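Student: Please take a close look at a single part of this model, and start with how exposure is judged. Then put that part in the setting of the rest of the chain.

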Amino acid sequence: MGQQKLIYSLVARGTVVLADYTEFKGNFGTIAAQCLQKLSASNNRFSYTCDDHTFNYLVDNGFTYCVVAVESAGRQLPIAFLERIKDDFTKKYGGGKASTAGPNSLKREFGPKLKEQMQYCVDHPEEINQIAKVKAQVSEVKGVMLQNIEKVLDRGEKIELLVDKTDNLKSQAADFKKQGTKMKRKMWVENMKIKLVVFGIVALLALLVALSVCPKFQC
């Protein structure tokens, strides 16, 4: 599946998380939910940084859309995902049960859509970037607050973002093992070549010395 750049997403009404999705283990869900309490209710975009990850929020008409991404994913990918998931959510629940739904009550039916859009955005970066550029030309993006998440949550201690995906780690371990085996084999071959070259040089020198001492081996 490749490296996953989007690792967690949620949809909330105010501070009530209605649905979320992730394939990872960690405390980013808790941190993302805590940030909901600090967001402005007005329509806007917000981004916070934490331990090489960004927490990206889109507030629109009382609902908040969030995605946690690795910092190397940049800005366009998370924002494009938020726009896509906002459109999907609005089409499905606009004026409907989302306005009264309880915590996590939409997870079963909307969680798969979060997963689908996360994977689509990661698998089609060129298309996503192009769409993001076009939207930026059509309408001016509102100011995005980018600040350290520790300041937002008023916490003095360091926030540890724990990310662990068992299947991904196993896959990476297998790749490392395969690469290690190839590298070990290559180094062994190179080492043998060097040994053969050295042996050949030593043998040649020994032969030259022997010939100089005993010409035509007649000693």
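Tutor: A residue counts as buried under 20% relative accessible area, as exposed over 50%, and as partly exposed in between. The model is predicted, and the part to examine is Glu-71, in the loop between β5 (63-70) and α2. Glu-71 has a relative accessibility of 40%, which means that Glu-71 is partly exposed.

What does Glu-71 touch, leaving out residues up to four places away in sequence? The contacts are Thr-49, Asp-52, His-53 and Thr-54. One of these, Asp-52, belongs to the loop between β3 and β4. The neighbouring loop residue Asp-51 sits between β3 (44-50) and β4 (53-60). Asp-51 and Glu-71 are 20 residues apart along the chain, and their C-alpha atoms are separated by 8.7 Å.

The backbone of that β3-β4 loop deserves a note. Most residues other than glycine have a negative phi. Asp-51, however, has a positive phi, near 50°, and Asp-52 also has a positive value, near 65°. Their exposure can be stated by class as well. Asp-51 has a relative accessible area of 25% and is therefore partly exposed, whereas Asp-52, at 58%, is exposed. Glu-71 thus touches an exposed residue, Asp-52.

Cys-50, the residue that ends β3, is buried, with a relative accessible area of 2%. Why is the sulfur of Cys-35 in no bond with its closest cysteine sulfur? That closest sulfur, in Cys-66, is 7.6 Å away, and a disulfide needs a pair of sulfur atoms within 2.5 Å, so the separation is too far for a bond. Cys-35 is itself buried, at 0% relative accessible area. Cys-50 is in no disulfide either, since its nearest cysteine sulfur, that of Cys-35, is 8.5 Å away. By the same cut-off, the count for the model is 0 disulfides.

On the other side of the Glu-71 loop comes α2. Two packed helices are described by the angle between their axes and the distance between the axes. For α2 (residues 76-93) and α3 (residues 107-123), the axes come within 10 Å and cross at roughly 150°. The crossing of α2 past α3 is right-handed. On the α2 side, the residues in contact include Leu-77, Phe-81, Ile-85 and Phe-89, along with Arg-84 and Asp-88. On the α3 side they include Phe-110, Leu-114, Met-118 and Val-122, along with Glu-109 and Lys-113. By type, the contact holds 11 nonpolar, 1 polar and 5 charged residues.

Helix α3 also contains Gly-111. Gly-111 has a relative accessible area of 4%, so it is buried. Apart from residues up to four places away, Gly-111 touches Asp-20, Tyr-21 and Leu-106. Asp-20 is 91 residues from Gly-111 along the chain, yet their C-alpha atoms are separated by 5.8 Å.

As for the whole chain, it has 6 helices and 6 strands. Along the sequence they follow the pattern β-β-α-β-β-β-α-α-α-β-α-α. Of the 219 residues, 35% are buried. Among contacts between residues at least 6 apart in sequence, 63% join residues at least 24 apart. The accessible surface comes to about 13,500 Å², and 57% of that surface belongs to carbon and sulfur atoms.

Definitions and conventions
Residues are numbered from 1 along each chain as its sequence is written. This is a predicted model: local features need pLDDT of at least 70, side-chain atom pairs count only at pLDDT 80 or more; totals for chains, interfaces and linings use all residues. Side-chain values use heavy atoms; hydrogens and water are left out. Axes are lines fitted to C-alpha atoms, for helices over the stretch in contact, and angles run from 0 to 180 degrees between N-to-C directions. Helices (H or I, at least four residues) and strands (E, at least two) are DSSP runs, numbered from the N terminus. A crossing is left-handed if the near helix is turned anticlockwise from the far one by less than a right angle, and right-handed if clockwise. Contact means heavy atoms within 4.5 Å. Ala, Val, Leu, Ile, Met, Phe, Trp, Tyr, Cys and Pro count as nonpolar, Asp, Glu, Lys and Arg as charged, and the others, Gly among them, as polar. Buried means under 20% relative accessible area, exposed over 50%, partly exposed in between (1.4 Å probe, protein chains only). Accessible areas come from the Shrake-Rupley method with a 1.4 Å probe; for residues, only the protein chains shown count as cover.
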